[in-house]
Amino acid sequence: MEILYSDRDLAVIAKPVGMDSEHEVPNALIEQLGGKIFPVHRLDRNVGGVMVFARNSKAAAALSKAVQDGTMVKEYRALVHGIPPESAVWQDFLFKDSRKNKVFVVKKERKGVKKASLEFVRLCDSDPSLVHIKLHTGRSHQIRVQFASRGFPLLGDHKYGARDEYTEPRLFSCRLSFPWNHETKIFERLPDWGA
């Protein structure tokens with residue numbers, strides 16, 4: 001696990017695919033840095049990329065507020081089957097079936113349904129397509145579901161319709177920015193398949 005930045009308040013890492021962001025990553029950070037580690041957002045186990053963790057409760061509160069206010073901006077790279085539009089903003093209603101750990105696009109709001117919004121730019125004209133995504137909301141499996149529901153499942157995402165030989169979804173948190181001490185902190189890392 002690569003530590004991109006650390007100080008007395010923050011630890012920013014490039015999470016490897018296969019590590020749990022709520023337990024394994026904090027434990028690994030405690031081993032490397034000591035002290036306490038507070039998760040403030042999450043990535044699925046099978047997704048890698050840039051994450052920030054707080055190193056004290058005051059920093060955790062400030063980062064959690066940035067997540068809630070939408071001032072923590074998360075951007076991703078993904079490889080998808082097919083050729084989606086050159087750019088778009090997609091808004092959907094998502095329902096999570098917790099028993100199946102699967103998310104579905106539904107037609108209208110009801111109990112348990114949440115609005116989801118993202119924007120993206122397609123970076124190539126080939127199939128599969130490399131896309132750069134900026135999240136407006138942070139819903140469970142959001143990127144995977146919004147692309148798959150339109151016929152563009154992520155490579156390796158067998159839960160949401162991919163039929164290929166890849167073992168994990170080709171999705172990576174490539175850029176994270178958030179306000180911190182009157183400036184904007186920006187951290188970037190690209191996956192080897194998405195440069």
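# Notebook: strand 4, salt bridges, a hairpin

**Entry 1, strand 4.** I began with strand 4, which is mostly covered, 7 of its 7 residues being buried. A reminder to myself: this is a predicted model.

Next I looked up what strand 4 pairs with. Strand 2 (residues 10-15) runs antiparallel to strand 4, and 6 bridges join the two. I picked out Ala 14 there, which stands opposite Val 50 in strand 4. Strand 3 (residues 38-39) also pairs with strand 4 in the antiparallel sense, over 2 bridges. In that pairing I found Pro 39 with Phe 53 of strand 4 as its bridge partner. Strand 10 (residues 171-180) pairs with strand 4 in the parallel sense, over 2 bridges.

**Entry 2, Gly 49.** I stayed in strand 4 (residues 48-54) for Gly 49. Which residue of strand 10 does Gly 49 stand opposite? I found Ser 173 there. Gly 49 has 0% relative accessibility, so I put it down as buried. I also checked Gly 49 against Ala 28: they are 21 residues apart along the chain, and their C-alpha atoms are separated by 16 Å.

**Entry 3, salt bridges.** I get 12 salt bridges in the structure. I went through some that involve Arg 144 and one that does not.

Arg 144 forms a salt bridge with Asp 44, with 3.2 Å between the closest N and O atoms. This pair links distant parts of the chain, 100 residues apart: Arg 144 is in helix 3 (residues 142-148), while Asp 44 is in the loop between strand 3 and strand 4. Are the partners buried or exposed? Arg 144 has a relative accessible area of 5%, so I call it buried. Asp 44 comes out at 15%, and since buried means under 20%, Asp 44 is buried as well.

Asp 157 forms a salt bridge with Arg 144 too, and here the closest N and O atoms are 2.8 Å apart. I noted that this pair also links distant parts of the chain, with Asp 157 in the loop between helix 3 and strand 10, Arg 144 in helix 3, and their positions 13 residues apart. Asp 157 and Arg 144 are both buried.

Which residues are linked with these in a network of salt bridges? I list Glu 22, Arg 42, Asp 44, Arg 144 and Asp 157.

For the other pair I turned to Arg 122, which forms a salt bridge with Asp 125; their closest N and O atoms are 2.6 Å apart. Arg 122 is at 14% relative accessibility, so it counts as buried. Asp 125, by contrast, has a relative accessible area of 64%, so I mark it as exposed.

**Entry 4, the hairpin.** I moved on to strand 6 (residues 87-97) and strand 7 (residues 102-106), which run antiparallel and are joined by 5 bridges. Asp 97 stands opposite Lys 102 in strand 7. The hairpin of strand 6 and strand 7 has 4 residues between the strands, and I noticed that Asn 101 takes a positive phi near 50° in it.

**Entry 5, a charged patch.** Strand 6 also holds Lys 96. I traced Lys 96 into a positive surface patch, which it forms with Lys 114, Arg 139 and Lys 159. How exposed is Lys 96? Its relative accessible area is 36%, so I log Lys 96 as partly exposed.

Conventions: Residues are numbered from 1 along each chain as its sequence is written. This is a predicted model: local features need pLDDT of at least 70, side-chain atom pairs count only at pLDDT 80 or more; totals for chains, interfaces and linings use all residues. Side-chain values use heavy atoms; hydrogens and water are left out. Two strands pair if DSSP finds at least two bridges between them. Patches are made of residues with over 30% relative accessible area and no salt bridge: like charges are joined within 9 Å, nonpolar side chains (Val, Leu, Ile, Met, Phe, Trp, Tyr) within 5 Å. Accessible areas come from the Shrake-Rupley method with a 1.4 Å probe; for residues, only the protein chains shown count as cover. A salt bridge is a side-chain nitrogen of Lys or Arg within 4 Å of a carboxyl oxygen of Asp or Glu. Lys and Arg count as positive and Asp and Glu as negative; His and the chain ends are not counted. The place of a charge is taken as NZ of Lys, CZ of Arg, CG of Asp or CD of Glu. Buried means under 20% relative accessible area, exposed over 50%, partly exposed in between (1.4 Å probe, protein chains only).
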